[in-house]
Amino acid sequence: MSAAPLTGRRALVTGGSRGIGAEIVRRLASDGAAVAFTYSSSKTEADAVVAEVAATGGSALAIQADAADPTQTGAAVDRAVAELGDLDIVVNNAATATLLPVDEFTPEQYDRLLAINVGGVFWTVHAALKHLGDGARIINIGSVNADSVPTPATAVYALTKGAVSSFTRGLARELGPRGITVNNVQPGPINTEMNPDEGEFADFLRPLTALGRYGKTSEVAAVVSFLAGPESAYVTGANVNVDGGFTV
Ligand code: NDP
């Protein structure tokens, strides 16, 4: 029997307690990686992910850290490195969606959304860089809303995901000489607490996909697994849509 593809690799996933991030933690662990992940407030869910991974023979560590706070994200990277050793895979998944018309944003709401969705990615990478070996993988979780915005009240969320897409390309160029790949997975509608597959919003989004359905968290995690693994070594700076054809 061949070894799991990520055996011996060490991964950090931000926002791994629920939704897409939790599924990425489960998938990387089942691929053989030792996984640390952050969460901000969902301790019960984070503990459940750790227990679930352990029950299947894997290894996961939950770290409380608010992605909006560079001190906390830096401490989370340090803790992951202290427990696992230097990192091979960083997945920037933590984000929030404050959906409001532009003129209803308060400065505090705008600053917090930018701090989590953009600052969280930047400061996690900033702290992780010195712990990444040559050939490491950085995978950002952006959104199809960077390229396509069919719903109102989504402009500022789209702004943050556009920034993630641009940062991905610049970082891919910067880290290429070290053989580090940087890619941006852009989900379409995926059934999670952020975007449940029921109600008016879901009924509006579903027919905008070519496949006519919401995606599953496992369908995003499978692509992350590929980008984290040895067979994607020549893929970098890419926006990879996992959107059921939302953007075609
Ligand atoms: P969920 O809201 O279901 O889960 C978000 C996760 O991120 C939770 O684990 C949450 O933990 C964590 N998180 C949120 N805020 C913070 C914070 N400030 N600090 C640390 N962790 C935080 O979201 P999804 O799983 O749906 O989304 C995951 C990613 O996919 C996001 O980047 C999102 O923008 C993107 N995406 C999702 C789509 C969808 O349709 N679901 C579509 C396109 C993109 P806690 O509860 O502890 O805060």
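This short talk looks at the ligand site of a predicted model and at Ser42 beside the ligand.

Residues are numbered from 1 along each chain as its sequence is written, and side-chain values use heavy atoms, with hydrogens and water left out. Because the model is predicted, local features need pLDDT of at least 70 and side-chain atom pairs count only at pLDDT 80 or more, whereas totals for chains, interfaces and linings use all residues.

Let me begin with the ligand, which has 31 residues around it (a heavy atom within 4 Å), and of these Ser40, Ser41, Ser42, Tyr157 and Thr192 come nearest. Oxygen atoms of the ligand lie 3.2 Å from a backbone N or O atom of Gly15, 2.8 Å from one of Asn93 and 2.9 Å from a polar backbone atom of Ile190. The protein covers 95% of the 890 Å² of accessible area that the ligand has on its own (Shrake-Rupley method, 1.4 Å probe). Helix H1 (19–30), helix H4 (107–128) and helix H5 (155–175) are the elements that give two or more residues to the shell around the ligand, helices being DSSP runs of H or I with at least four residues.

Turning to Ser42, we find this residue in the loop between strand S2 (34–39) and helix H2 (43–55), where a strand is a DSSP run of E with at least two residues. Is Ser42 buried or exposed? Ser42 is buried, with a relative accessible area of 12%, buried meaning under 20% and exposed over 50%, with a 1.4 Å probe and protein chains only. Leaving aside residues up to four places away in sequence, Ser42 touches Ser17 and Arg18 (heavy atoms within 4.5 Å). With Arg18 there is also a side-chain to side-chain polar contact at 3.1 Å, that is, a pair of N or O atoms within 3.5 Å, one able to donate a hydrogen and the other to accept it.
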